[in-house]
Amino acid sequence: MLQQPCRSPRAVIVAVTPEQQQLRLRCEGVRVTLLFDPPEPTRIRMVVKEDSEVVLNCSASGSVRDQVFNWRKDKNVEVFLYSWGSIYESGQFAGRVAHFPEALDLGNASIRIKKAEVRDSGIYTCTVPRSSPVPRSEISLLVECILKVRSPGEGASPEPLIRKIDQTISRERLQCEVKGARPRPAVQWQDSSGRVLPAQETESEERDGRFYVTVRAIVSRSDTYSCVVTQEELCHQINSTTFVYIVKFHQNAQEAAAQQTGCDIIA
């Protein structure tokens with residue numbers, strides 16, 4: 001029986017996933033090319049507080065000192081580029097991002113961001129294109145704001161105005177005024193220990209979308225008192241402080257001391 005001449009192998013492209021361990025072929029004379037799609041990087045989720053330092057990790061299999069690695073945010077925002085010893089920063093990250101020069105030979109392509117801002121939240125991607133295999137790192141970063149003094153340009157309340165009114169020998173009425181805040185702020189009187197004082201009177205008026213708030217409280221002992229203004233939507237908090245001296249409080253203390261010692265008080 002004559003053997004048929006061999007024909008040129010027919011190219012067959014088979015796409016398989018990395019989970020498939022083997023592919024059994026029963027055809028002879030067939031050249032097979034296996035195409036593997038690179039696995040999607042595992043996305044790491046990080047939650048940090050505003051003004052903290054953030055380290056975004058990325059590593060390659062070998063030294064990256066004579067390599068290129070690039071960090072981007074939300075795919076198209078340049079964060080940091082290392083290229084054969086030169087570094088490049090731009091935009092909102094300029095002056096706030098750095099790498100780890102001492103660890104480049106260990107394949108460390110990580111970066112750190114100083115004084116994290118709320119607008120830094122997003123998806124960060126690290127690529128080292130000349131490394132084999134090409135490592136990719138994806139990090140979902142959420143920067144939570146903290147209450148602090150914000151710029152008044154966005155409607156943040158200015159420093160509240162404190163007045164002392166209706167002072168007597170045994171008590172004093174304090175008044176706090178907030179002018180032109182947006183959105184409406186929460187206004188509280190607090191003593192030196194942070195205890196919130198009950199408001200005796202509260203007045204609020206809205207003009208052209210801005211709020212004007214007045215809160216009064218009565219105090220009956222010497223202490224330092226603060227008017228605290230909070231706007232949660234803006235993560236804004238600001239306060240003014242005053243010291244109140246109540247004469248009767250100290251007179252009562254002197255009288256109590258005199259009774260214990262049996263001495264008279266000399267005016």
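**View 1. F69 and Y82, a buried aromatic pair.** Both F69 and Y82 are buried in this predicted model. Their rings form a stacked aromatic pair. The centres are 4.9 Å apart, and the planes make an angle of 10°. F69 sits in strand β5 and Y82 in strand β6. The two residues are 13 positions apart, so the pair links distant parts of the chain. F80 joins F69 and Y82 in one aromatic cluster. A search of the whole structure gives three aromatic pairs.

**View 2. F93 and Y124, an edge-to-face pair.** F93 and Y124 also form an aromatic pair. Here the ring centres lie 6.2 Å apart, with 80° between the planes. This pair, too, links distant parts of the chain, with the two positions 31 residues apart. F93 belongs to the loop between β7 (86-88) and β8 (97-99), whereas Y124 belongs to strand β10. F93 counts as buried because its relative accessible area is 0%. Y124 counts as buried because its relative accessibility is 0%; the cut-off for buried is under 20%.

**View 3. The contacts of Y124.** Leaving out residues up to four places away in sequence, Y124 touches a list of residues that includes L56, W71, V79 and F93. Charged side chains are on the list as well, among them R72, K73 and E138. I113, S137, I139 and L141 complete the set of contacts.

**View 4. The largest nonpolar core.** This core has 25 residues. Those with the most contacts inside it are L56, F69, W71, V79, F80 and Y124. Several strands each supply at least two of its residues. They are β3 (43-49), β4 (54-56), β5 (68-73), β6 (77-83), β9 (111-113), β10 (122-127) and β11 (136-144). A second, separate core has 19 residues, including C176, W189, V244 and I246.

**View 5. L161 at the start of β12.** Strand β12 covers residues 161-165 and includes L161. L161 counts as partly exposed because its relative accessibility is 36%. Its contacts are Q175, C176 and E177, again leaving out residues up to four places away in sequence. C176 is also a member of the second core. L161 and V178 are 17 residues apart in sequence, yet 6.7 Å separates their C-alpha atoms.

**View 6. The open sheet β14-β17-β18.** Three strands make up this open sheet, in the order β14-β17-β18 and with antiparallel pairing. The edge strands are β14 (186-190) and β18 (236-244), and each pairs on one side only. From one strand to the next, the twist averages 15°. Strand β17 spans residues 223-231 and pairs with β18 over nine bridges, in the antiparallel sense. C227 has S240, in β18, as its bridge partner. Strands of a sheet pair through backbone hydrogen bonds.

**View 7. A cis peptide bond before P183.** The peptide bond from R182 to P183 is cis. Its omega is near 0°. P183 is placed in the loop between β13 (172-181) and β14. Strand β14 is an edge strand of the open sheet in View 6.

**View 8. Two lysines with positive phi.** K75 has a phi of about 75°, a positive value although the residue is not a glycine. The loop between β5 and β6 holds K75. K75 counts as exposed because its relative accessibility is 75%; the cut-off for exposed is over 50%. K115 also has a positive phi, of about 45°, and is not a glycine. K115 is found in the loop between β9 and β10.

**View 9. The whole chain, for context.** The protein chain contains one helix and 18 strands. Of its 267 residues, 34% are buried. The accessible surface comes to about 17300 Å², and carbon and sulfur atoms account for 50% of that area. Among contacts between residues at least 6 apart in sequence, 57% join residues at least 24 apart.

Definitions and conventions. Residues numbered from 1 in each chain as written. Predicted model: local features only at pLDDT ≥ 70, side-chain atom pairs only at ≥ 80, totals over all residues. Heavy atoms only, no water. Helix = DSSP H or I, 4+ residues; strand = E, 2+ residues; numbered from the N terminus. Buried < 20%, exposed > 50% of the residue type's maximum accessible area, 1.4 Å probe, protein only. Contact = heavy atoms within 4.5 Å. Areas by Shrake-Rupley, 256 points an atom, 1.4 Å probe, with all protein chains shown as cover. Pairing = 2+ DSSP bridges. Axes fitted to C-alpha atoms, helices over the stretch in contact; angles between N-to-C directions. Core = buried A, V, L, I, M, F, W, Y, C linked by side-chain atoms within 4.5 Å. Phe/Tyr/Trp six-rings, centres within 6.5 Å; stacked < 30°, edge-to-face > 60°.
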